[in-house]
Amino acid sequence: VERAQQYTVGHKIHGFTVKEVTAVPDLFLTSVKLSHDATGAQYLHAARDDSNNLFSVQFRTTPMDSTGVPHILEHTVLCGSQRFPCRDPFFKMLNRSLSTFMNAFTASDYTMYPFSTQNAKDFQNLLSVYLDAVFFPCLRELDFCQEGWRLEHETPTDPSSRLMFKGVVIIADISDNESLYAQHLQNKLLPDHTYAVVSGGAPLDIPDLTWEQLKHFHATHYHPSNARFFTYGDLPLEQHLQQIEEEALSKFERTEPNTAVPPQTHWDKPRVDHVTCRPDALAPDPIKQNTLCMSYLLGDITDTFEAFTLSLLSSLMISGPNSPFYKALIEPEIGSDFSSSVGFDGSTRQASFTIGLQGMAEDDTEKVKHIIAQTIDDIVATGFEEEQIEALLHKIEIQMKHQSTSFGLALASYIASCWNHDGDPVQLLKISENVSRFRQCLKENPRYLQDKVQHYFKDNTHRLTLTMSPDERFLEKQAEAEEQKLQEKIKNLSDADHKDIYEKGLQLLAVQSTTQDASCLPALKVSDIEPIIPYTPVQLGTAGGVPVQCCEQPTNGMVYFRAMCNLNSLPEDLKIYVPLFCSVITKLGCGELDYRQQAQRIELKTGGMSVSPQIIPDTDQLDLYEQGIMLSSSCLERNLPDMFQLWSDIFNRLVFFQETEKEIFKSLCKCIDFILMHLHRPAGDLQRDGPGEIAELTDLTSVLRKLPRIKRHLLNPENMRCAVNATPQKMSDAAGEVERFMGNIAANRKERKPVRPTVRSHRSPSSSSQEPHFKPCQMKTYFQLPFNVNFVSECVRTVPFSHADYASLCILAMIMTCKFLHGEIREKGGAYGGGARMGGGGLFSFYSYRDPNSTQTLSAFRGGVEWARAGKFTQQDIDEAKLSVFSAVDAPVAPSDKGQ
């Protein structure tokens, strides 16, 4: 940071010129803005005392059709480059690097390539690979066929088998109804330019993309004159600039990229449109499957203060039970929830705001339109309570102070859209300035926010009302259209074309089956790894007989509290309700406060309070584990007493009213959604889906009666242990508040019948228990989901964490993934990804996702085992796998999580 502050405007460094140097005290960083003299490439460096250094390069990619050219190009540039011609160098670098993040993203109007690492040598290695990939890719035709699309025989070795579309991108479309709706919404609200198309590719349009068009798009878009470089962390800027100049930019001259997005023409009157989707087989009410939203075009995102204000306004309108649209749309239970598209969207050149419902009946369409219009009128008339505004500004203050391990990546994502349209990324980082200016605007004009609502919503003629309803023949029509597209392609083929398709299929299969020589790629050695994990000192003590761990950390004025409440004393019949209990416990009223007032208090005084189920495997025995719930919260140091008072009230004064039935039912639905969303995890990660049984109940009274019983068992100081992370200066205050908190809840329990405790000290063998009815057994499970791709997994019970073979199995999983399964499942099988992993609970799991195959993938899992048994790997493979394993072991830990 100090070195960065010494740069001056006009300073020349390795072909770059410094344009601006700005201290950003809010985020403890100094930004240095530069431009490349020869090409005009833009560069932003954020110098910060953070060892998790990040690099990102992004290009403005503005397609004018839905062939998915930026998405397929993103895949294809990762298939080898001039210096590193081996197939899939990005994936192979996972085993040759200590990266903490490696990926690439395609947005509607830009493509970004970021990585991060804590190792300086690794940073240089990865930078070489990334620069060569984006600026000098091979873009081989067979790679385009593999990643994008191709016509190929169902069985490539059998020319008599039917022709079909294949390719990672074309077969990986799993557009759920919410994503489909969001895509239509953007296409129809911004119909004039690039936002009218699908940048990721539409299945019917992808086969229109040619290899030549792909190469042309790369030549015109992946040029330094169209690039924005971002680096972050504590490594010296000069070294980055020198490497980027020597390895890439020195080989280019300036061009004038024609990639700018023009402003959308403003409509003179609102529009209405309708789209259809597949019926949702999982919908709780078949009649309620409609979506309706009103979407408003707002201002240009490069006006950073206006965008900041509109983002705040959006949160005030929709976030939490105190917001006007929550009261007007959610509480009457017209729909299942807000549409997932709801809120402020600053990802396009002109921002938008969307409000509406999903899971509603078609008959309620006019009612919802009326409610939206009426709510906007009400906001214009009455505005917002001062406490709501303060709670939101408090949330921003906490977001600035909280330190995550991926802060650099968060910054890169935060500035990407604004910078992409030539906005000032540094201005975005001056959050305190924006807050101060916002407060001043409110002071000068008490109706400041109401005037914004009047201008952007009440009087805005660029408004789209988009409805979506299920069509029983949606999938059938889609399949027919895709088959028609296939037949159109086939009917125009000559005999020579048929022969060429067969030969290219064999050629691709041969390439995929060939062992790749990755020796051209740079690599760290095991000796480059720090041999000792840094020690985190903690102080152990007690508060009211409850074990407390204190960890002094540079938390930037925040205090973090956690408590584990063991549930081994909980009766078996109540355990199924624990996830439900956790999801609602911080959303209920306490004492004289109803749930709305309690939510406001939590927002005003904390960074959030959560309760979640925990299952901690025993390190020595496979079938032993500790069951419990984890209480978590954080706050600014000045609000420390308030945070513990809120916990005391939840323990002592929680109110279980019948009125909470609605909240509980919504939480139940979310529990089920959560389970379905996580079905793509390996089988070993699945837990039994108990909430599904509760969701079928029409009367929840019996469930409500169980919650107080669970509370008596779980919110019990005799079953607890706690941890606090705070600055050394604040730790004694924090310890005192924990002591008072324990005193408050212990005093309250003396008036009640005690529950027999099972844990009185730090976690020990007595803390773990065995499920009385648990018996390991072989099981085959099939979940039918409405997608044209599969998620396949298989798991095997192996050994616990402390077993001598555990580390070897971690290495084996990595070797199998990189040296066998990736080739079989992704390259040959066409899945988005697949591999193996060793879990902390002793389960060795195989997995694939977005996979067009199922039985073939299960065969690949078994083939991986046979491949490993045959010893078809080398000592170098083992050493590379160690790097990948240690990368996870040595991943950065935030101050809030140290010692946990």
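This is a short dialogue on reading pockets, cysteines, strands and aromatic pairs in the structure above.

Colleague: What should I know about the model before we begin?

Modeller: The model is predicted, with local features needing pLDDT of at least 70 and side-chain atom pairs pLDDT 80 or more, while totals for chains, interfaces and linings use all residues. Residues are numbered from 1 along each chain as its sequence is written, and side-chain values use heavy atoms, leaving out hydrogens and water.

Colleague: How is empty space found, and how much of it lies in the second largest pocket?

Modeller: Rolling a probe the size of a water molecule over the atoms shows where empty space is left. Here a 1 Å grid is laid over the protein atoms alone; a cavity is a set of points where a 1.4 Å probe fits but cannot get out, a pocket is an open set with protein on both sides within 12 Å along at least five of seven lines, and lining residues have an atom within 4 Å of a point. Grid points are joined across faces, edges and corners, and the volume is the space filled by probe spheres set on them. The second largest pocket holds about 1,200 Å³. Its lining has 37 residues, and Ser51, Gln118, Pro892, Val893 and Lys898 are the closest to its centre. Helix α29 (residues 875-889) gives the largest share of that lining, three residues. Helices (H or I, at least four residues) and strands (E, at least two) are DSSP runs, numbered from the N terminus.

Colleague: Which residues line the second largest cavity?

Modeller: That cavity, of about 50 Å³, is lined by Leu190, Asp192, His193, Tyr195, Val261, Pro262, Pro263, Gln264 and Gln350. Gln350 appears again in strand β16, where it stands opposite Asp300.

Colleague: Where does strand β13 sit, and how does it pair with β16?

Modeller: Two strands pair if DSSP finds at least two bridges between them. β13 (residues 290-300) and β16 (residues 350-360) are antiparallel, with eight bridges. On β17 (residues 463-470), β13 has an antiparallel partner joined by six bridges, and Ser295 is bridged to Leu464 there. Nine of the eleven β13 residues are buried (under 20% relative accessible area; exposed is over 50%, partly exposed in between, with a 1.4 Å probe and protein chains only), so the strand is largely enclosed by the rest of the structure.

Colleague: How many disulfides does the structure hold?

Modeller: A disulfide is a covalent bond between the sulfur atoms of two cysteines. Counting sulfur pairs within 2.5 Å, the structure holds zero. The sulfur of Cys418 is 18 Å from its closest cysteine sulfur, in Cys441, so it is too far for a bond. For Cys565 the closest is in Cys722 at 7.5 Å, again too far. Cys418 is buried at 4% relative accessibility, and Cys565 is buried at 0%.

Colleague: How many aromatic pairs are there?

Modeller: Rings of Phe, Tyr and Trp (its six-membered ring) pair if their centres lie within 6.5 Å; planes under 30 degrees apart are stacked, over 60 edge-to-face, and the rest tilted. The count comes to 32. Phe644 and Phe741 have centres 5.7 Å apart and planes at 45 degrees, so this pair is tilted. Phe644 lies in helix α22 (residues 640-652) and Phe741 in helix α26 (residues 731-749), so the pair ties together parts 97 residues apart in sequence. Phe644 is buried at 2%, as is Phe741 at 1%.
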